[in-house]
Amino acid sequence: MSTASELKARVCAEIERHAAEITGLCDDIMRHPETGYRETRTSALVAERFTAMGLTPRTGLARTGVKARLRGRAPGPTAAILGELDSLLIPDHPYADPVTGAAHACGHNAQIASMIGAGLGLRAVIGELDGDVVLFAVPAEECIEVGWRMSLRDNGEIHQTTGKAELIRAGHFDDVDLAMLTHTGVAAPPIAFGMRGNGSLVKRVRFHGRAAHAGAMPWAGISSYKAATVAIAAVDAHREFFDDSDAVRVHHLITHSGDSVSAIPARTELEMMIRARTVEAMRDASERVDRALRGGALAMGADVEITTAVSYLPFRDDEPLTEVTAANARQLLGADAVGRIPEITGGSTDMGDLGTVMPVVHPLAASGCATPFHGNAYYTADPVAAAVVPAKVMACTVVDLLADGAAAARAVIERSGPKLGRAEFAGLHDSLSSSEYFRGGLLDRAES
């Protein structure tokens, strides 16, 4: 029987043998970006790679997710290695799709490559591990195109705005016990741990007024746009009253503001995102925003329709799983190469949703690019650092977790503490979601 160290040496050698394939896949996906729930080419590519590895992929999970299983020698815990399929929308990015404006400005292309790379390494030793490994390409991590995703919810095609929550709700993580994913970071250090992310809610807001000639009879109209601007000002008035420790952020876009400049706008639409560090702070901020939206409608006599959904739950690495993963990073790269992420971060990830139902770890690996995430110059400039190195770290972590009767995996699960079941998870999401139609009064008066 091989020792864990011997297994890890074989895993790393196999990943290194496939390094050109891994970096090539990273580059290919970067040059063919697709946004969430639309990742058809990327998911087909992943399914092809799984099939070439001798696996039987399950496709079409939460529209575009792809899942395959490496079976160990004996029953035991299942560890999942994830990669996110989707991109952002940044039309002026150098690798943007010229038609859709999609661009991999957050490094998800490297995640898919590192997931495949880890699978290639683990395939060589899976027969000596006690438990299974799931390779899972997951959709729609970025919460963008909110209006379109809300329309999918309206039609019953999805229930959640982001992919991991949709997969959890559908039961596609029921056969997984713990999970890992490596995101790209900035230029250095090679890998860092301790990420924390805010939870967030999204709102689709529709103000309804009455059109009239803007020059000849403006008094006959009810301006949905003015109602929206009053509401936005009211939201801004709340900003100084948020508790600093809650790290609240409120963003909005006006996605429609009328059909003609010569007419009073009858319909104005917004997309909003509310981020906060805790579920309680998410609820409080959402209620404040809803009051502001109603206030804008009431001020102008317009109506407002508010639909709220969860985009992400708050995220924090599970320390027991972080310890195992960071130890492998130090062993592979040296202690000086492993950093710690500052705790205060304003971003969000749906790994927070997954972390409510199982232990997770989400380190950041170097991208070779020092420009900010989600910017028009961010990309995976160093695919070895962004994909090959994380593949080795995650694969070696899985070896430690599932070798010798999977004692380490069982210890991580126990030490990580209680998690939610699928029904409890769905209930939490539903408790944060709502739909409301508020009448400002003048439209009703006119109709009567």
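The following exercises, each with a worked solution, concern a predicted model.

**Exercise 1. Cysteine pairing**

Determine how many disulfides the structure holds, and explain the result for C12 and C396.

*Solution.*
Step 1. The criterion is a pair of cysteine sulfur atoms within 2.5 Å.
Step 2. For C12, the closest cysteine sulfur belongs to C396, at 3.5 Å, which is too far for a bond. Taken from the other side, the sulfur of C396 has that of C12 as its closest cysteine sulfur, again at 3.5 Å.
Step 3. The structure therefore holds zero disulfides.
Step 4. As to their surroundings, C12 is buried at a relative accessible area of 14%, and C396 is buried at 2%.

**Exercise 2. The largest pocket**

State the volume of the largest pocket, and describe which residues and elements line it.

*Solution.*
Step 1. Rolling a probe the size of a water molecule over the atoms shows where empty space is left.
Step 2. The volume of the largest pocket is about 890 Å³.
Step 3. Its lining comprises 40 residues, and those nearest the centre are E142, R275, G347, S348 and H374.
Step 4. Two or more lining residues come from each of strand 4 (88-89), strand 10 (196-197), strand 12 (249-256), strand 13 (267-276) and strand 18 (364-365).
Step 5. Sorted by class, the lining of the largest pocket has 22 nonpolar, 12 polar and six charged residues.

**Exercise 3. The second largest pocket**

Give the volume of the second largest pocket, and characterise its lining by element and by class.

*Solution.*
Step 1. The second largest pocket holds about 190 Å³ of space.
Step 2. Its lining residues include P314, F315, R316, D317 and D318, as well as K419, L420 and L428.
Step 3. The elements that supply two or more residues to this lining are strand 15 (315-316) and helix 10 (351-355).
Step 4. By class, the lining of the second largest pocket divides into five nonpolar, three polar and four charged residues.

**Exercise 4. Two alanines with positive phi**

Locate A62 and A140 within the chain, and decide whether each is buried or exposed.

*Solution.*
Step 1. Most residues other than glycine have a negative phi, and most peptide bonds are trans.
Step 2. A62, although not a glycine, has a positive phi of about 50 degrees. It sits in the loop that connects strand 1 (58-61) with strand 2 (65-70).
Step 3. A140 likewise is not a glycine and has a positive phi, of about 55 degrees. Its loop runs between strand 6 (130-138) and helix 5 (146-154).
Step 4. The cut-off for burial is under 20% relative accessible area. A62, at 12%, is buried; A140, at 0%, is buried.

**Exercise 5. The geometry of helix 4**

Compare the expected span of helix 4 (residues 108-123) with the distance between its end C-alpha atoms, and state how many of its residues are buried.

*Solution.*
Step 1. At 1.5 Å a residue, the 16 residues of helix 4 should span 22 Å.
Step 2. The end C-alpha atoms are 23 Å apart, which agrees with that expectation.
Step 3. Helix 4 is mostly covered, since 15 of its 16 residues are buried.

**Exercise 6. Partners of strands 3 and 14**

Identify which strands pair with strand 3 and with strand 14, and in which sense.

*Solution.*
Step 1. Strands of a sheet pair through backbone hydrogen bonds, either parallel or antiparallel.
Step 2. Strand 3 (residues 74-84) has eight of its 11 residues buried. Its pairing with strand 6 is parallel, over eight bridges; here L82 has F136 as its bridge partner.
Step 3. Strand 3 also runs parallel to strand 7 (residues 178-180), joined by three bridges, and A80 is partnered by A179.
Step 4. Strand 14 (residues 303-312) has nine of its 10 residues buried. Nine bridges pair it with strand 11 (residues 199-208) in the antiparallel sense, where K203 stands opposite T308.
Step 5. Strand 14 is also antiparallel to strand 19 (residues 434-439), over six bridges; the bridge partner of T307 is S435.

**Exercise 7. An open sheet**

Give the strand order of the open sheet of four strands, and establish which strands stand at its edges.

*Solution.*
Step 1. The order is 8-18-9-16, with mixed pairing.
Step 2. Strand 8 (183-184) and strand 16 (338-340) each have a single partner strand, so they stand at the edges, and one side of each is left without a neighbour in the sheet.
Step 3. Within the sheet, strand 9 (residues 191-193) is joined to strand 18 by two bridges in the antiparallel sense, with I191 opposite A365.

How values were computed:
Residues are numbered from 1 along each chain as its sequence is written. This is a predicted model: local features need pLDDT of at least 70, side-chain atom pairs count only at pLDDT 80 or more; totals for chains, interfaces and linings use all residues. Side-chain values use heavy atoms; hydrogens and water are left out. Buried means under 20% relative accessible area, exposed over 50%, partly exposed in between (1.4 Å probe, protein chains only). On a 1 Å grid over the protein atoms alone, a cavity is a set of points where a 1.4 Å probe fits but cannot get out, and a pocket is an open set with protein on both sides within 12 Å along at least five of seven lines; lining residues have an atom within 4 Å of a point. Grid points are joined across faces, edges and corners, and a volume is the space filled by probe spheres set on the points. Ala, Val, Leu, Ile, Met, Phe, Trp, Tyr, Cys and Pro count as nonpolar, Asp, Glu, Lys and Arg as charged, and the others, Gly among them, as polar. The expected span of a helix is 1.5 Å times one less than its number of residues. Two strands pair if DSSP finds at least two bridges between them.
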